[in-house]
Amino acid sequence: MKILMVATEQIPVPGNGSVEICMFSIAKQFAKHHQVTIVSRLSSGLPKVSRYGNLTIVRVPSGSSRKYISSVLHYIRGKHYDIIQVDNRPHYMAQVKKAFPSTPVSLFLHSLTFVPRTKSVAASISRADLIIANSHSLKSNLSRMFPSIADKIRMVHLGVDVDRFRPAARGKKSGSFHVLFAGRVIPRKGVSVLIKAISIARRHRSDIKLTIVGGGKSHYVSTLKSLARSRGVPAQFTGKIPHSKIHSLYKRAHCFACPSQKHEAFGLVNVEAMASGLPVIASDIGGIGEIVKHRENGFLVSSYHSPDEHAKYILRVAQNKELSAKLARQARQDAVNRFSWLQTASKLIAIYRAAR
């Protein structure tokens with residue numbers, strides 16, 4: 001098939017955003033058997049066209065939403081595709097569908113962020129031939145919010161590069177117990193709850209340390225650093241790390257924490273941690289429970305607003321090496337068996353074949 005994928009206007013592909021990571025990873029799998037084009041935004045340091053075998057990335061002018069979708073439409077008009085996928089932007093998808101009325105067009109949604117329940121979004125989303133949700137939780141929410149399109153929604157879990165994200169060799173980790181957080185450093189991700197949880201856990205095991213990977217507004221990061229100092233928590237804030245290098249940080253950790261305080265459709269960092277052989281301690285919210293299985297490959301925190309509850313599970317892993325090793329083995333096995341990018345792409349391509 002000839003497949004077109006339309007990225008968002010915010011971050012170029014390849015890029016460090018979760019949407020862009022997913023698009024590039026899926027496209028590389030598609031390109032093993034199909035001709036794939038990704039249209040993305042122009043960005044300094046990246047050429048206008050990049051080629052990876054059967055995958056071509058074309059970068060067009062952006063600067064605003066209107067300019068970007070105009071550039072996308074200008075590039076694709078007059079061309080032929082068997083299927084078109086637009087990621088996370090219902091209004092772009094509607095305009096692409098208008099330009100290609102006889103071609104199946106899918107809207108791949110990664111979260112609820114860009115689909116508020118408004119008349120304009122409802123009108124745009126109804127134009128899709130297919131809507132792809134990355135979790136059962138997201139599918140359920142979309143069906144409730146937009147009942148008229150419920151029968152168009154399909155669910156495909158995201159994946160992880162199980163070759164790049166893999167457990168560290170034995171003996172490569174430090175003696176202290178190292179907790180890792182990776183993600184955007186914003187209030188909804190719950191980093192403040194995690195810092196408080198670490199301070200509680202350190203009363204019982206004083207060598208617990210925290211690494212926070214990800215970018216955030218300087219004022220908010222400063223507030224978190226002050227909180228860590230006041231609570232006596234040894235916390236390293238790395239800032240943004242290129243995704244191409246982030247696997248090395250997972251290898252240094254002993255467990256992964258995902259203390260999200262608001263709905264997470266999927267949580268890509270959790271499968272990256274699992275593939276890296278880390279027990280995951282995560283808020284039981286949104287689609288996280290579809291990935292993290294309580295007491296099997298990690299722990300789900302039901303009272304996720306409570307630092308004490310997060311601390312309880314962090315301590316459980318930190319104080320029991322046998323339990324930690326068991327969870328880690330199962331986490332890696334689940335990542336390989338359930339969440340490889342090959343599996344994601346295979347399920348998605350089957351849906352697209354059926355839509356033709």
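Begin by selecting strand E12 (residues 255–258) and strand E13 (residues 280–283), which pair in the parallel sense over three bridges in what is, throughout this tour, a predicted model. Within this pair, pick Cys258 and look across to E13, where its bridge partner is Ala282. Add helix H9 (residues 268–275) to the selection, and you have a right-handed β-α-β unit made by E12, H9 and E13. From E13, extend the selection to strand E14 (residues 298–301), which runs parallel to E13 and is joined to it by four bridges; here Val280 has Gly298 in E14 as its bridge partner.

Now turn to another sheet, an open one of eight strands, which can be coloured in the order E3-E4-E2-E1-E5-E6-E7-E8 and whose pairing is mixed. Strand E3 (49–52) and strand E8 (153–155) stand at the edges, and because each has a single partner strand, one side of each is left without a neighbour in the sheet. Looking along the sheet, you will find neighbouring strands turned against each other by 20 degrees on average, with direction ignored.

Within this sheet, select strand E6 (residues 105–109) together with strand E7 (residues 130–133), a pair that runs in the parallel sense over four bridges. Leu107 is a useful residue to label here, since it stands opposite Ile131 in E7.

Next, show the helices that pack on the sheet. H1 touches strand E1 (2–6), strand E2 (35–41), E3, strand E4 (55–60), E5 and E6, and its direction makes about 175 degrees with that of E1. H2 also packs on the sheet, where it touches E1, E2 and E4, its direction making about 150 degrees with that of E2.

Keep E5 in view and move to Arg89, which is placed in the loop between E5 and helix H3 (90–99). Is Arg89 buried or exposed? Its relative accessible area is 7%, and because buried means under 20%, Arg89 counts as buried. Leaving aside neighbours within four places in sequence, display Thr8, Glu9, Gln10, Leu107 and Phe114, with which Arg89 is in contact; Leu107 is the residue already labelled opposite Ile131.

For a second arginine, select Arg77, found in the loop between helix H2 (65–76) and strand E5 (83–87). With a relative accessible area of 54%, Arg77 is exposed. If you draw a distance from the C-alpha atom of Arg77 to that of Asp284, the separation is 44 Å, for two residues that are 207 residues apart along the chain.

The interior comes next: select the largest nonpolar core, which has 128 residues, and highlight Phe30, Ile195, Tyr250 and Phe256, the members that touch the most other members. Helix H1 (residues 18–30) gives the most to this core, with eight residues. Then centre the view on Ile195, which, when residues up to four places away in sequence are not counted, touches Leu210, Ile212, Leu224, Leu227, Ala228, Val233 and Phe237.

Finish at helix H11 (residues 321–338), in which Ala325 lies. Ala325 is partly exposed, with a relative accessible area of 32%. A last distance can be drawn from Ala325 to Lys245, which are 80 residues apart in sequence and 25 Å apart in space, C-alpha to C-alpha.

Note on methods
Residues numbered from 1 in each chain as written. Predicted model: local features only at pLDDT ≥ 70, side-chain atom pairs only at ≥ 80, totals over all residues. Heavy atoms only, no water. Helix = DSSP H or I, 4+ residues; strand = E, 2+ residues; numbered from the N terminus. Buried < 20%, exposed > 50% of the residue type's maximum accessible area, 1.4 Å probe, protein only. Core = buried A, V, L, I, M, F, W, Y, C linked by side-chain atoms within 4.5 Å. Contact = heavy atoms within 4.5 Å. Pairing = 2+ DSSP bridges. Axes fitted to C-alpha atoms, helices over the stretch in contact; angles between N-to-C directions. Right-handed = clockwise from strand over helix to strand, strands pointing away.
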